Amino acid sequence: MNVIETKNLTYTYGAGTPFSKTAIEDVNIAIKKGEFIGLIGHTGSGKSTLIQQLNGLLRPTSGTVLLNGKDIWEKKKEIRKVRFQVGMVFQYPEYQLFEDTVIKDIGFGPRNMGLSQDEVNQRVMQVVDFVGLDHALLEKSPFDLSGGEKRRAAIAGVIAMDPDVLVLDEPTAGLDPQGRDHLLSQIKAYHQQRQNTVILVSHSMEDIARVADRVLVMNESKVFLFDETAKVFFHAKELEQIGLRVPQVTKIMMKLHENGYPVDPAVFTLDQAVKEILPLVQRGAAND
Amino acid sequence: MIKDVTLGQYFPGKSIIHKLDPRVKVLLTLVNIVFIFIAGNFSSLGLMTVFTLVAMLLSGVPFTRYIRSIRGVLFIVLFTSILNLFYGGGTVLVKWGFIQITTGGIRNAIFIAVRIVVLILMSSILTYTTSPTQLTDALERLMKPLKIFRIKVHEIAMMMTIALRFVPTLLEETDKIMSAQKARGADLESGGIISRVKALIPVLIPLFVSSFRRAYDLAMAMECRCYNGGKGRTKMKVLHITAKDIITFLITVAVCVGVVLLNIFVVENFLI
């Protein structure tokens with residue numbers, strides 16, 4: 001079952017004016033329920049425009065977006081419902097915090113859904129534990145939190161709507177390496193626990209390689225590649241031609257493979273690489 | 001989308017009017033506006049109108065632009081000229097209760113309408129041909145004498161420049177925050193006026209917070225570069241008065257003298 005599908009999706013900014021610019025062109029993708037998709041592409045490749053089509057923040061110039069098989073723009077009045085089903089975490093989401101307490105801010109989405117106060121509270125408590133926010137922070141003003149805490153509170157505010165599809169635009173931007181790793185594993189855990197669909201937009205191939213089942217590569221407004229993670233990284237040369245890098249680990253493994261070492265080149269995390277290389281080293285030591 | 005809002009009216013170009021010194025342009029525009037008011041009969045107002053039209057032609061800005069700027073104040077033009085219709089002497093044409101329309105009234109109505117339109121066109125020439133930075137630069141220089149009254153001219157000009165600089169940034173930011181709150185189900189587009197204003201709170205608060213953050217950052221960055229107000233500060237683009245400016249000045253003076261002479265010596269007797 002495809003949770004999200006786009007058909008000939010095209011979007012032009014300022015259509016009909018001399019300044020018109022096509023941001024995405026003829027995008028046809030299908031995403032199955034429960035998939036973890038990595039979305040990667042250069043600045044200006046159309047990533048952000050594409051994800052804003054998925055929850056109806058932008059309306060297609062032509063083509064359609066199907067959510068669970070239904071055109072999201074079929075009833076214009078019900079576009080808000082689509083936004084509850086496709087949760088969107090924007091880049092630097094901490095700047096959207098506004099309520100006087102953290103708990104109220106996280107509850108903003110669920111309240112807009114028209115849930116009762118009890119249900120809202122229940123959901124808030126659930127997601128707070130999920131993103132690892134200290135309960136002592138809940139009654140504080142969101143503006144008193146640290147940068148990392150703000151980011152988590154903002155992500156919690158979207159997860160609290162319990163969307164079928166969660167879209168995250170560069171959620172780790174501006175975090176230190178530890179914070180980045182932590183957040184990524186939490187997103188992964190969220191995906192595994194709720195069994196819903198996650199779309200992660202990132203510049204970092206390393207991040208995407210760690211978590212995604214399939215990778216969608218955008219280039220110059222068009223879909224460049226959309227395949228399983230391992231298969232996408234096989235196209236290292238083409239990726240580099242459009243200005244993207246494969247993970248460093250993969251590059252090393254490919255080089256080793258090229259030079260005749262019996263390793264699998266389709267490796268893109270450090271752990272996998274260790275598993276591949278260690279037996280070789282041990283065998284080498286035994287031969288000496 | 002919110003980004004489509006056009007800001008300022010500057011229409012880039014290379015015409016002679018564009019190249020005039022902004023100080024001269026500001027000053028002469030003020031002088032011209034005063035003389036549009038001094039012009040007391042159709043002949044002198046006609047001279048100002050012709051002068052304005054010539055300047056418009058020279059500016060190279062398409063006339064459709066000027067028409068757009070008049071459209072914005074069309075209501076005021078109509079309102080004032082209709083009010084004037086009922087005042088003034090001369091032959092009574094229509095009488096309806098205590099309201100009467102006279103030939104003098106019609107004359108006044110036409111006169112006022114022309115006067116306001118020429119006024120708008122004259123100031124549009126300035127804003128169309130002078131970029132906001134040039135304009136603040138010129139204002140800073142022209143307001144310098146106010147320093148005697150302890151008015152911080154440089155600071156005011158700097159504030160204007162910064163404000164202008166940040167308008168597009170803030171618009172973009174508003175757009176982003178609106179999208180983010182809409183993604184959380186905020187309903188910004190429907191409901192009555194009160195619920196719409198309330199719905200703006202989730203947009204306005206983050207916008208305020210980030211404006212303050214930006215202000216702190218900018219202040220810090222300026223201080224790091226030893227900014228300490230206008231004292232001893234030199235200009236990167238020094239303004240120079242050239243022959244063009246002097247000639248324009250002389251022509252304007254000639255037109256102004258013409259207006260005064262026409263006012264005194266031409267007696268108009270139509271519609272009175």
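**Close-up views of chains A and B**

**View 1. A:E170 is a buried residue, with a relative accessibility of 9%.** The model shown here and in the other views is predicted. The cut-off for buried is under 20% relative accessible area, so A:E170 at 9% falls within the buried class. A:E170 sits in the loop that lies between β8 and α7 of chain A. Its phi angle is near 45°, which is a positive value in a residue other than glycine.

**View 2. A:E220 also has a positive phi, and lies in a loop of chain A.** The loop that holds A:E220 is found between β10 (214-219) and β11 (222-228). Is A:E220 buried or exposed? A:E220 counts as exposed because its relative accessibility is 64%, where the cut-off for exposed is over 50%. Phi of A:E220 is near 45°, and the residue is not a glycine.

**View 3. Strand β9 of chain A, residues 197-201, is largely enclosed by the rest of the structure.** Why is β9(A) described as largely enclosed? The reason is that 5 of its 5 residues are buried. Burial holds on both faces of the strand. A:T197, A:I199 and A:V201 make up one side, while A:V198 and A:L200 are on the other. One pairing partner of β9(A) is β4(A), which runs parallel to β9(A) and is joined to it over 4 bridges. In β9(A), the residue opposite A:I37 is A:I199.

**View 4. Strands β8(A) and β9(A) run parallel and are linked by a right-handed β-α-β crossover.** How many bridges join β8(A), residues 165-169, to β9(A)? There are 5 bridges between these strands. Across this pairing, A:L168 stands opposite A:L200 of β9(A). From β8(A) the chain passes through α7(A) before reaching β9(A), and the crossover made in this way is right-handed.

**View 5. A:L168 belongs to strand β8 of chain A.** The relative accessibility of A:L168 is 0%, so this residue counts as buried. A:A153 is 15 residues from A:L168 along the chain, and the C-alpha atoms of the two residues are separated by 14 Å.

**View 6. The largest cavity has a volume of about 50 Å³.** Rolling a probe the size of a water molecule over the atoms shows where empty space is left. The count comes to 2 cavities of 30 Å³ or more. Which residues line the largest cavity? The lining consists of A:F130, A:V131, A:I155, A:I159, A:L183, A:Q186, A:I187 and A:Y190. Two or more of the lining residues come from each of α5 (117-131), α6 (147-159) and α7 (177-194) of chain A. With 4 residues, α7(A) gives the largest share. By class, the lining of the largest cavity has 7 nonpolar residues, 1 polar residue and no charged residue.

**View 7. The second largest cavity has a volume of about 40 Å³.** Its lining is formed by A:I29, A:I31, A:I37, A:L39, A:L50, A:I51, A:L54, A:I199 and A:L216. At least two of the lining residues are supplied by β4 (36-41) of chain A, and at least two by α1 (47-54) of chain A. The largest share, 3 residues, is that of α1(A). The lining of the second largest cavity divides into 9 nonpolar residues, no polar and no charged. Among the lining residues are A:I37 and A:I199, which stand opposite each other where A:I199 lies in β9(A).

**View 8. Chain B is divided into domain 1 and domain 2.** Domain 1 of chain B takes in 9-130 + 240-265, and domain 2 takes in 145-224. How far apart do the C-alpha centres of the two domains of chain B lie? The separation is 35 Å.

**View 9. B:N41 lies in a loop of chain B, between α2 and α3.** The flanking helices are α2 (22-38) and α3 (42-59). B:N41 is buried, its relative accessible area being 7%. From B:N41 to B:M159 the distance is 42 Å, C-alpha to C-alpha, and these residues are 118 residues apart in sequence.

Notes:
Residues numbered from 1 in each chain as written. Chains lettered and ligands numbered in written order. Predicted model: local features only at pLDDT ≥ 70, side-chain atom pairs only at ≥ 80, totals over all residues. Heavy atoms only, no water. Domains from an automatic or database assignment. 1 Å grid on protein atoms, 1.4 Å probe; cavity = no way out; pocket = protein on both sides within 12 Å on 5 of 7 lines; lining within 4 Å. Points joined across faces, edges and corners; volume = space filled by probe spheres on them. Nonpolar A, V, L, I, M, F, W, Y, C, P; charged D, E, K, R; others polar. Buried < 20%, exposed > 50% of the residue type's maximum accessible area, 1.4 Å probe, protein only. Pairing = 2+ DSSP bridges. Right-handed = clockwise from strand over helix to strand, strands pointing away.
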